[in-house]
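Please open the model in the viewer and keep the selection panel at hand. The tour below proceeds by selections, each followed by a description of what is found there.

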Amino acid sequence: MRELIARLIDWFHRDRLDRELAEELHLHRQLLERDAGGLAEDAHFVASRRLGNATRVREAARERWSIPTLDHLQQDVRYALRGLRRSPGFTATVIITLGLGIGANAAMFNVVDRLMFRPLAYLRDPDTVHRIYWQWADRGTTTTGMSTQYARYLDLEKWTTSFSQLAGFSERELAVGEGESARERRVGTVSASFFEFFDARPALGRFFVADEDVTPRGADVAVLSHAFWRSEFGGRDVRGELLQVGNMRATIVGVAPEGFNGVNDANPPALYVPITTFAGSTGTSDSQTYFTRYQWGWMHVLVRRKPDVTVQQAEADATRAFRRSWQAARADDPAYPPLESAKPRVAVSSVRPGAGPDPSLEARTALWVTVVAAIVLLIACANVANLVLARALRRHRETAVRLALGVSRWRLTRQSVIETLVLALIGGAAALLVAQWAGAAIRAMLLVAPTATSGIFGDWRTLGITLCLTILAGVLVGLVPSLLSARDDLARPLRGGVRGGSSEGARLRTSLLVVQGSLSVVLLVGATLFVRSLQAVKGMPMGYDADRVLIVNRIIRGIAFNDSTQQSLRRTLLATAQALPGVESAAWMSSAPFVSTSNTNLYVAGIDSVARLGDFTYQATTADYFRTMGTRILRGRSFTPDDRFGAPNVAVVSASMARVLWPRQDAIGQCFRMRSDTVPCTTVVGIAEDMVQRDITGTKRYHYYLSIDQYTRTWGNGMLLRLRGDPALEAESIRKAIQRVMPAASYVTVQPLRDVVQTAQRSWRLGATMFVAFGLLAVVVAAVGLYGVIAYNVTQRTHELGVRVALGARRASIIRLVVGQSVRVALAGVALGSILAFALSAWIQPLLFQQSATDARVYFVVATLMIVVALSAGAFPAFRAAKADPNTALRAE
Amino acid sequence: MEASAKRDLLPGMLDMLILKTLSVQALHGYGIAQHLLRLSQDVIRVEEGSLYPALQRMRQKGWVKAEWRQTPNNQRARYYEITTAGRRQLGEQEDGFAQLMAAVRKVMRHA
């Protein structure tokens, strides 16, 4: 091995080694002459004789650093580079085509890998580590969730035998630090056992231990992430320092090693605290009951399977525990649905939710886009194969001559493969640039918080895949023309002259064109479907006008959580906001659309089970809420300051809710009861238009609003402001103005509602953008291919066309002849592509919104576009052919 | 004398002789050849055609190191030096050679 490496190193220095050997031999001869003494001439003769044939010696030594395969390879590469330099147009087209094709795939691999496959840093034995997914039936549909209660986590630990390790974890945005330096940070609240899943040793101090993670409340300790330690503490010894984390005043006990991201490397926590410390310090009633009651589902569970337990066995075991736990929860709270209808079960699956049983729409879209990228690469390869083929045919005679002169077919094949490999490698380099640039855009759309280190360069997995794709594409494309030439008969091209065409090549190339065309059709159909889908999403009445609304969240620290402080703060903040010149109106709220909603059991006279009708969600707000959101009150009234505590409870309901609960009746004045059927009525005083709260595509918009003064469970946590100007521009000045009146260490954060809505629309936007980009790319590539082949055919048929013109064919008929060929190819592509797209429609349907995947209009539009493209691709060569002088064509040989 | 010089060395023996020579001191190619010639009293005459390829081979195997230096007569020459791996190799070859010679001697005595 060592010798082989030495040989390889020597091979690179072979010119120097040759020189040194010559010098060595020269000295040898000199010394021989000197020692032989006597007459110089005589000595020279003796020396020469003794030294023997200098060339032979040199050859023998030189063998030590020559590697024939490498020598040939080098020759072939040089030959290929020379050839490519001679045809820059061809070279550029191929490199760009492959660069785009491979680059798209590299970028998508990078994203999908991050979402689904990449092993987490430091995770020991990743194959045995799983996240727990809870599944149950809810009104006939299976719901999959990752969140659960701490009590259930304890049940799972108690009642299963399949797992050697379990840990609960959750991530929260909490205010970290004090005063000016206080910022919202991602905080990992984790079991002490969490760290034992990893082979990580603290960079400083220690992780927390089981004694510090106990119910009802763990110890006030924190472990910093390496990045947070570096950026905020400059990497100094922070052990023993105190840090304010939310309501906890934690002692820093250690620092995680560099690159340790827990189970979330897309958006890693800045620090970790014991899960029980966080749960026990929330300041709500949950902090006393979280480990005994099943009310607060807020954390995920990580498990390690024992080595002899299969995933199926583990799932069966965990499902038994879940069912037992479900019964326990039902004994505690009779509102829990019965076991028979809920059919709870557990899935023991990937730590990465993207590869779990219920991947997010982003993950599913990413997979789809990857398929699309692969199709684009196929089109690109077909196109490049076509170009290479055309080039090979142009060199037909050269090849035949070389074969006739005795160059082996193997050598020719190797040369052609090496030529395309060289092209592919340059294309691969271009692909990395494409991936780096396009990838940043894709990641920004797909990954919630792209980390700073998410570039392509330095990511070995992506680089490896890119190299594999590059070589695969190079070999694939390079083999096609050589297979063709291998079948050829030697003599024919030698006899044929310029007129000799190869019908076989033409057939192969036409089929490649049809394949390209049909794949383009598939992508264009996809693109059109997604664009229409996005239009539908955007055109959906949201029930509010998000453009000028700013969400203000207030985070309370350092003052007591009681009614009087909360209510006086609310009044102060509302008054401050309303007094700002940029604010049109302001409302207090319990939550905003897409942020969160609440729900509870409803009781309505005459309806057995309201829950069976669907989810009814609510928000608690103040009087100006509807004006601020831009939601119309269809009938009745909004809240007034008179709807306060002590006055009769009132509600505004959505139009859909009014329709479903009181069909054919006037909803105004109707009564419903919340939480129990014995409490006083909540009277409907108004009907608002339907509002999209969390699920854009949902069809049931059952939502109601309560007056926050009558609603005692929460104080509400923020404001909605309708601004006079653009929220993006004014957000910061408004934040500063409101911050001034915040008491103690409390603070506010602001976010335009528009951003929240756009995030919710992201997957459709992503699908539309990606399909359109790739679809257009595919069409351009296919059009270039079509044009290239038609133009090449015209050149090949110059003689024939010349004869036709000489015999009196009119220009129009020549044009028709050439363009007809192009259109025929396109039609075949449209036919084949439509069938393909139709076959795929079932899979794409779930990603669409209010758009049938088999919409005939979409197919028609795409077909028209393809034919137009084919007409234009054929037109240019056709006109050139028609204008050609028959004399030149006929005299050519 | 000329006839004996053309006698072939056993395979591998040249390497051993060169390594042995270099184990005393670093030498250039011509120096090695002269050293072998002198010690063997003109019996072992190493042809350049075997010497230089052998040196290159041993360099690639990591048994010797090569370095350009000035000779006492102020000429530039490539000096070869034995490495630790080379000494290990020399030890093995000497053992093998001793066994072989013993075996040959036994055969010659009794056959």
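Helix axes are lines fitted to C-alpha atoms over the stretch in contact, and the angle between two of them runs from 0 to 180 degrees between N-to-C directions. The model on display is predicted.

Select first residues 150–159 and 311–332 of chain A, which are helix 7 and helix 11. Their axes come within 9 Å and cross at roughly 130°. Because angles over 145 degrees count as roughly antiparallel and 65 to 115 as roughly perpendicular, helix 7 of chain A is therefore oblique to helix 11 of chain A. The crossing of this pair is right-handed.

Next, show the side chains at this contact. From helix 7 of chain A, select Arg152(A), Asp155(A), Leu156(A) and Trp159(A); from helix 11 of chain A, select Ala318(A), Ala321(A), Arg324(A), Ser325(A) and Ala328(A). Sorted by class, the contact comprises 5 nonpolar, 1 polar and 3 charged residues.

Remain on helix 7 of chain A and select its buried residues: Tyr150(A), Ala151(A), Arg152(A), Tyr153(A), Asp155(A) and Leu156(A). Against which elements do the buried residues of helix 7 of chain A pack? They pack against strand 3 (163–176), helix 9 (275–279), strand 10 (300–305) and helix 11 of chain A.

Finally, turn to the contact between the chains, to which chain A gives 19 residues and chain B gives 15 residues. On the side of chain A that touches chain B, select helix 1 (2–12), helix 2 (14–36) and helix 4 (54–62), each of which supplies at least two residues. Helix 2 of chain A provides the largest share, 7 residues. This side of chain A has 9 nonpolar, 2 polar and 8 charged residues.

Note on methods. Residues numbered from 1 in each chain as written. Chains lettered and ligands numbered in written order. Predicted model: local features only at pLDDT ≥ 70, side-chain atom pairs only at ≥ 80, totals over all residues. Contact = placed C-beta atoms within 7 Å. Helix = DSSP H or I, 4+ residues; strand = E, 2+ residues; numbered from the N terminus. Nonpolar A, V, L, I, M, F, W, Y, C, P; charged D, E, K, R; others polar. Parallel < 35°, antiparallel > 145°, perpendicular 65-115°, else oblique. Left-handed = near helix turned anticlockwise from the far one by under 90°. Buried ≥ 20, exposed ≤ 12 C-beta atoms within 10 Å, placed from the backbone.
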